[in-house]
Amino acid sequence: DSNLWRSAHKNRINMAFKGEDHLDSLPLPVQRMHLIQMDSVQRWMEDLKLMTDCECMCILQSKPISTEKDEENELHLTSQYSTCDNLQLLLKRAWIISTELTRIAQKLEKNRWQRVHSMTVRVNCHVRSMINEYNSLTRNSSEEMHQYEKLLIDKCSEFTAFTERCIQTEDEHILKSMKSCINETLTTIAQYFGQLIELVLTHEAQVKLSDSVYITEPAISSLFSLTQEGAHLCRIIAKEGGVVALFKICRQDCFRCLYPQTLRTLASICCVEEGMHQLEKVDGILCLADILTDNTHSEATHAEAAAVIAQITSPHLTFTQHLSSFLENMEEILTALVKLCQDASSGEVFLLASAALANITFFDTMACEILLQLNATRILLSACSDKHVVDTPYSRDQVVTILANMSVLDQSSSEIIRGNGVQLLLEMLFERSSSGNSAEVAACERVQQKSAVTLARLSRDPEVADEAIKLSCIPRLIKLCRSPTERNNSDSVLVACLVALRRLAVMSPDALEESDFQQLVKPRLVDSFLLCTNMEESFV
């Protein structure tokens, strides 16, 4: 690319000075004035900075900066970077190109032709660099990929020529007529670019899957790394048979040592609908149930199988309705997950198992009845007293989710009282983040909200309501309603606390002061909500 650039500009210089050999004999000021009047030289001088900047940028991004000898650098370049590193480099370059194309469209709308041209030159350089980088690092790229590379480069060159002609004229009619052509060219470039990236990603997925045929830990690890690059790659992997290949591994005892990593990769792929469809086709639910109920497997394998279950039953997914085979194996899966919670040796194992249980209680109402028969309430409440196992707000979020969903059953109240569950729910109303991390703060809000919801549901039982009043749940609920900082300004926590407070006030109206009753209980719920959201805290 640099040789072509130098050759092109050398021709421009020759054309600029053609027939002007007498310049050397003129005085220096006259020479300068003559040069300034020459449009081709002016254009070359204006373009030069842009072209050299882009070239320098491409060179710097392609070469490592190191104090070592050149020969050693070359060795590191071929051995140091994995295919995943190459892919990340490609995706970074693709993101830059995509962003630049969007910005070109924006500048084009405003008729800022000089900026459009300079950005077009920059995109041209990025496209060529991306293609050269990828071809130097990949293997056996397809003929179709090469065709799209050529189409994209040609169209980018055409685009640059178009925009260059635009900055050479000031005629509004000509610019207006050329603008539609430029828009069409820009659209075509975006299409070619998108199709090329799709082919590249598909190629990378195929390479990883062909490597995984040898079923080595690095091959599966490499495939897992690929799934972390986003949902689009997960879709491609699923379409190329990734789910089928991974379940083949999970059905062979000779690869038991690879089960945890294989299942972790499956969980990542199943975040997309294509992965879920493939899982259903290969009876993946039955395979997961077999792994979970097989006591000869390691805890790590059971935990990763639980992670796959948690993923495919997530209430946030809209495409779980086709998992008909899950209902057939649900009781076995729930039994194994409850046992995994009971025997969990670490917080991570408990979190994965309890997350799967929590999602299943959303997935089907019958799950709550099965959990009640399995004494899941007692096991979960007991686990919460072990700070080594239930050690984060995320774990407590899963536990209180299960309790909230089970509390719709009348039989659950006696189990929760026997397990000292009301005391635990009160403690959860005090849940606060220790780190200030946004994800942890959000988890704490969910814990507060769901514990209030569970209290409200359980308080229809007079025995539970009496226990909650004795443990001073009402003052805490009032504090959460009146103090925005206590609930981290969360409206969902406020609504849940108002509902729980009203339910307890029915059972024991004397437990509230008159002002609290008048403001938080007597008005309509929406009026109390508006009153609490408009309260200003006193810092005196």
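Reader: How should I judge D343: what does its relative accessible area say about how far it is exposed?

Author: Relative accessible area is read against cut-offs, and because a residue counts as buried under 20% and as exposed over 50%, anything in between is called partly exposed. In this predicted model, D343 is partly exposed, with a relative accessible area of 43%. K339 is likewise partly exposed, and its relative accessible area is 43%.

Reader: Which residue does D343 form a salt bridge with, and how far apart are the closest N and O atoms?

Author: The partner of D343 is K339, and the closest N and O atoms of this salt bridge are 2.9 Å apart.

Reader: Why would two positions in one helix be able to face each other in this way?

Author: The general idea is that an α-helix has 3.6 residues a turn, so residues three or four places apart point the same way. In the present case, D343 and K339 both belong to helix α16 and are 4 residues apart, which means that about one helical turn separates them.

Reader: Where do E431 and R396 lie, and how many residues apart in sequence are the parts that they tie together?

Author: E431 forms a salt bridge with R396, in which the closest N and O atoms are 3.0 Å apart. Because E431 sits in the loop between α22 (421-428) and α23 (438-458) while R396 belongs to helix α20, the pair ties together parts that are 35 residues apart in sequence.

Reader: Are E431 and R396 buried or exposed?

Author: Both E431 and R396 are buried. Another pair to look at is E486 and R476, whose side chains meet in a salt bridge with an N to O distance of 2.8 Å. This pair links distant parts of the chain, with E486 in the loop between α25 (473-482) and α26 (491-507) and R476 in helix α25, 10 residues apart. Both E486 and R476 are buried as well.

Reader: How many salt bridges does the structure hold, and which residues do shared partners join into one network?

Author: E100, R103 and R122 are joined into one network by salt bridges that share partners, and the structure holds 18 salt bridges.

Reader: Turning to helix α17, how many of its residues are buried, and which helices do they pack against?

Author: Helix α17 covers residues 347-363 and reaches 24 Å from its first C-alpha to its last, close to the expected 24 Å. Of its 17 residues, 12 are buried, so that by the cut-off of under 20% relative accessible area the helix is mostly covered. Among them are F350, L357 and I360. The buried residues of α17 pack against α15 (299-312), α16 (324-343), α18 (366-373), α19 (376-384) and α20 (393-406).

Terms used. Residues are numbered from 1 along each chain as its sequence is written. This is a predicted model: local features need pLDDT of at least 70, side-chain atom pairs count only at pLDDT 80 or more; totals for chains, interfaces and linings use all residues. Side-chain values use heavy atoms; hydrogens and water are left out. Helices (H or I, at least four residues) and strands (E, at least two) are DSSP runs, numbered from the N terminus. The expected span of a helix is 1.5 Å times one less than its number of residues. Buried means under 20% relative accessible area, exposed over 50%, partly exposed in between (1.4 Å probe, protein chains only). Contact means heavy atoms within 4.5 Å. A salt bridge is a side-chain nitrogen of Lys or Arg within 4 Å of a carboxyl oxygen of Asp or Glu.
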